[in-house]
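Colleague: I'm new to this structure and would love a close look at a single part of it. Could you pick one helix and walk me through its surroundings?

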Amino acid sequence: MSTAITLADSDGGEFGAARPARVIVQKARSWSVTALVSVVAIALSVPLIVIAWSVIEPSTEVWQELWATRLPGMIGETALLLFLVLVGTLVLGTALAWLITAYQFPGRRVLGWLLVTPLAIPGYVLGFVWIDTLAGPLGAREVRSIWLCALVLTITLYPYVYLFARAAFREQSQRAVDAARSLGCSNKKAFWRIVLPMARPSLAAGVALVGMEVLTDIGTVRLFNVSTIADGVLRVWFGTGNRDAAAELAVLLIGVAILLIFIERLARGRARFTQSGARTGLRTQNLSGSRSAVATALGWGAFTIFAALPIFRLVTWAVEAQSTNQTSTVSGDFGFHLMSSLQVTLIAALACLGLGLLLAVAPNRQRASGSWLPRLATLGYAVPGPVVAIGALVTLAAIDRLGWLPEGWLLVGSFLGLIYALVVRFLAVAYHGVDASIAKVSPSIVASARVLGAGRYRAAARVELPLAGAGVIAASALVAIDIFKELPITLILRPFGLETLPVWVWQATSESLWVQAAVPSLAIVSIGMVLVAALLWSLERGATVAS
Amino acid sequence: MAINFPFKRTLTFSIIGLVGFSLSGCVSGTESDSVTSPADGVGISNGATVTVYTGRHYGIEPIFERFTTETGIEVRFTTGNDPELRERLIAEGANTPADVIMTGDAANIELAADAGILATVDSDILMQTIPAELRGASDNWFALSQRARVVIASKERVANPPTTYAAVGNSEWKGKLCLRPSTHPYTQSLVASLIIAEGEERATAIVQSWVDNDPLYINSDTDIYKAIAAGECDVAIANTYYLGRLLTEDPEFPVGIVWPEQDSRGAHVNVSTAAVTANAPNPEGALALIEWLATDGQQQFADANFEYPVDPNLEPSQIVSGFGEFTADLVAVRQLGANQPAAVRVLSFTRYE
């Protein structure tokens with residue numbers, strides 16, 4: 001390792017000089033891996049291809065009608081919402097991450113954890129809490145606005161940017177900042193010129209995830225009467241039963257998402273920022289007196305408004321539900337719902353992580369397939385949950401019809417089928433996190449390992465992954481949290497006798513029984529906070545090990 | 001080459017899958033399954049278990065439990081949204097484990113009937129208990145309870161509430177009206193009933209007059225009732241059973257029901273329904289459940305959610321009886337599904353949110 005570090009330079013070009021003699025073996029292995037990756041990518045994109053099939057014969061009439069009525073409004077509201085939430089989460093997430101990373105003030109460590117908690121609160125839960133709270137002072141009409149919707153989405157989604165930003169700041173070396181300082185930069189200037197640009201790939205990855213979440217959200221936007229394209233897909237589909245037209249609208253959504261990914265790549269630019277050697281992390285600056293008080297107030301104020309108040313509201317509702325005995329569930333008790341949720345989350349998150357690693361490490365980046373296969377495999381994140389669910393449903397049902405499985409075995413309504421659909425939807429979260437971290441590992445370190453005799457996968461396992469460790473753990477925790485609060489796919493594809501906590505929330509909220517929804521909502525938030533804690537603990541540990 | 005091989009194979013595989021899917025979709029669509037009341041001894045794969053997909057889930061479990069106690073037939077069920085359960089049934093085709101599908105509105109069961117996934121049922125019990133207007137045209141679905149969607153108004157602030165759906169559009173209610181967004185099937189069915197009774201042109205004018213009143217759109221009937229109580233609006237359109245729930249909590253709840261269209265076709269009613277699926281593994285059990293829900297379980301099924309029974313010989317629960325007698329627009333019920341796309345069109349053109 002130490003040799004590798006001394007060999008490394010901060011800007012590594014492709015290290016192609018020393019090719020091992022076992023080139024034929026390598027090539028064959030590389031082919032079989034590409035084949036494997038292709039199979040994975042195609043298997044995961046079939047549900048979307050099934051949906052996209054309808055574009056071949058466009059439903060011209062429906063489109064003309066939509067264009068004359070709701071479509072311009074949908075596009076406008078989607079664009080505005082996207083803009084507001086992207087800017088909001090970028091500013092908020094980066095600022096809070098910097099506050100926690102760079103400054104020392106009372107309660108910093110605890111706050112670093114607490115600031116991620118809004119991620120554990122599903123948007124539709126936070127939405128109905130805020131509507132209920134603000135309807136009094138603001139009025140029921142004023143509360144249902146795109147601005148408040150953007151605010152709620154910003155609050156639930158900024159932790160994506162925050163986490164990626166923190167990981168990026170943590171992985172940075174103080175050396176670069178010191179160098180900048182020695183060349184006459186102020187601390188502030190060093191932040192803008194060194195720290196922030198080096199964090200850019202991570203920030204872009206975080207913001208891209210936020211963008212996908214906004215594009216595919218249905219629960220939250222409906223609470224605020226915001227009519228987005230995703231809402232329109234379900235409107236057309238379930239209102240008129242016209243699946244083809246709905247699918248075409250979903251394809252438009254995928255188009256917007258691809259544009260977003262393209263912009264992300266553009267934001268990352270051709271630049272490839274890698275770290276040289278050990279990540280010492282950035283030095284924290286001790287704040288004193290009034291500045292410390294300001295930092296403390298900012299951090300704790302943000303936490304109070306974003307998480308503490310809504311959670312307090314949920315707690316009062318939960319108490320009310322307990323006292324009026326409104327905690328009944330449709331089937332099974334609390335522990336049963338909890339175990340169902342944990343079971344699904346654990347298996348699906350592991351599947352996402354495994355495939356995410358495969359896609360990030362295996363494809364040969366020098367080949368075109370190396371870049372488009374992962375994109376194909378992760379498109380599901382750009383498609384609203386219910387659409388993915390129906391795509392997966394149709395795919396699985398088609399396989400069931402082939403009769404290849406043993407008598408009595410069906411994929412639809414099976415645990416495996418559910419996991420498959422969840423992976424289709426959420427692989428992107430794991431993949432992007434893993435990929436962004438691996439991209440930051442200097443190619444010259446990897447090349448050094450190769451020169452010292454390690455094969456490509458050995459180098460990945462022994463060098464790239466440990467160095468990207470923090471990012472990999474962050475990605476798995478993120479994907480776990482996403483799956484833990486997932487509703488539409490679980491609702492449609494869950495096997496008999498599997499009822500997750502979000503399904504319980506849905507049972508209550510679909511009948512406007514907010515009080516009854518409080519207990520399972522709180523459970524989602526609590527477990528989510530445990531996942532968040534595990535995540536941050538690993539991040540810190542990862543940082544310590546690396547240094 | 002090694003790159004291409006698995007790619008081609010998987011693509012071929014998925015194409016076979018797609019073709020297979022569409023072919024068998026055709027087959028199950030043309031099947032005309034028929035279930036008759038006396039069990040004809042078809043092999044029941046699930047023993048004595050009935051499997052139910054239900055879009056209606058409020059208070060459903062105790063009802064199924066009582067059915068099991070009384071008949072010894074176990075019920076296995078999954079909940080979901082009506083359209084999604086229908087899509088699942090269509091996709092599963094002959095492989096479906098579902099014996100019964102239950103929905104919370106008429107349009108969704110009609111769309112399921114159109115998709116060819118419901119079985120025609122020959123049951124004397126159901127024919128005798130359920131009025132013809134509240135069954136599918138070819139006896140392939142059956143209403144189990146009626147839900148009236150009516151005008152509601154503040155008891156404190158409104159002396160002369162509107163008595164027709166059209167009058168809700170009068171300018172005196174401008175800024176004082178609450179409505180449910182058009183994404184919800186209740187809104188779509190109501191507009192479909194307007195189209196059936198008054199034609200698309202007149203229905204468009206009525207919906208336009210609502211929209212011109214600048215309504216506050218709230219995606220929850222309960223919250224609409226609460227908005228009137230809180231003074232956010234004076235008049236609204238909502239289902240009656242939510243008032244039943246609110247009155248249980250607060251007998252003095254200050255919102256009242258106005259039965260609309262009583263001098264003409266009657267108040268708009270929708271229905272919650274049940275049907276035997278075309279590929280039910282246990283059609284006898286399915287029919288037994290539906291017959292029980294229409295007879296022995298009927299009162300409990302309707303009362304659980306403060307709805308109106310479909311059996312005209314039964315009285316609604318005490319709270320619901322307190323809402324008074326009314327004439328219902330039963331003629332429209334069967335046509336709600338066919339008119340739903342037109343309703344969505346009207347809602348779009350009038351920019352109803």
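Modeller: Happy to; here is a walk along one helix of chain A, with a short look at the chain contact afterwards. Please keep in mind that this is a predicted model. Our helix is α14 of chain A, which covers residues 289-323. Follow α14(A) along and you will come to T304(A), where the helix bends by about 45°.

Many residues of α14(A) are buried, among them A302(A), F303(A), F306(A) and A307(A). Further along, P310(A), I311(A), L314(A), W317(A), A318(A) and A321(A) are buried as well. An α-helix has 3.6 residues a turn, so residues three or four places apart point the same way.

Now bring in a partner, helix α6 of chain A, residues 123-138. The axes of α6(A) and α14(A) come within 10 Å and cross at roughly 85°. Angles of 65 to 115 degrees count as roughly perpendicular, and α6(A) and α14(A) are therefore roughly perpendicular to each other. Where they meet, α6(A) offers L126(A), V129(A) and T133(A), while α14(A) brings P310(A), R313(A) and L314(A). By class, this contact has 4 nonpolar, 1 polar and 1 charged residues. Two of the names from α14(A) are already familiar: P310(A) and L314(A) are buried.

Finally, step back to the chains: 47 residues of chain A are in contact with 48 residues of chain B. On the chain B side, α1(B) gives the most, with 11 residues. That side divides into 20 nonpolar, 17 polar and 11 charged residues.

Note on methods:
Residues numbered from 1 in each chain as written. Chains lettered and ligands numbered in written order. Predicted model: local features only at pLDDT ≥ 70, side-chain atom pairs only at ≥ 80, totals over all residues. Contact = placed C-beta atoms within 7 Å. Helix = DSSP H or I, 4+ residues; strand = E, 2+ residues; numbered from the N terminus. Nonpolar A, V, L, I, M, F, W, Y, C, P; charged D, E, K, R; others polar. Bend = angle between axes of the 7 residues up to and from the residue. Buried ≥ 20, exposed ≤ 12 C-beta atoms within 10 Å, placed from the backbone. Axes fitted to C-alpha atoms, helices over the stretch in contact; angles between N-to-C directions. Parallel < 35°, antiparallel > 145°, perpendicular 65-115°, else oblique.
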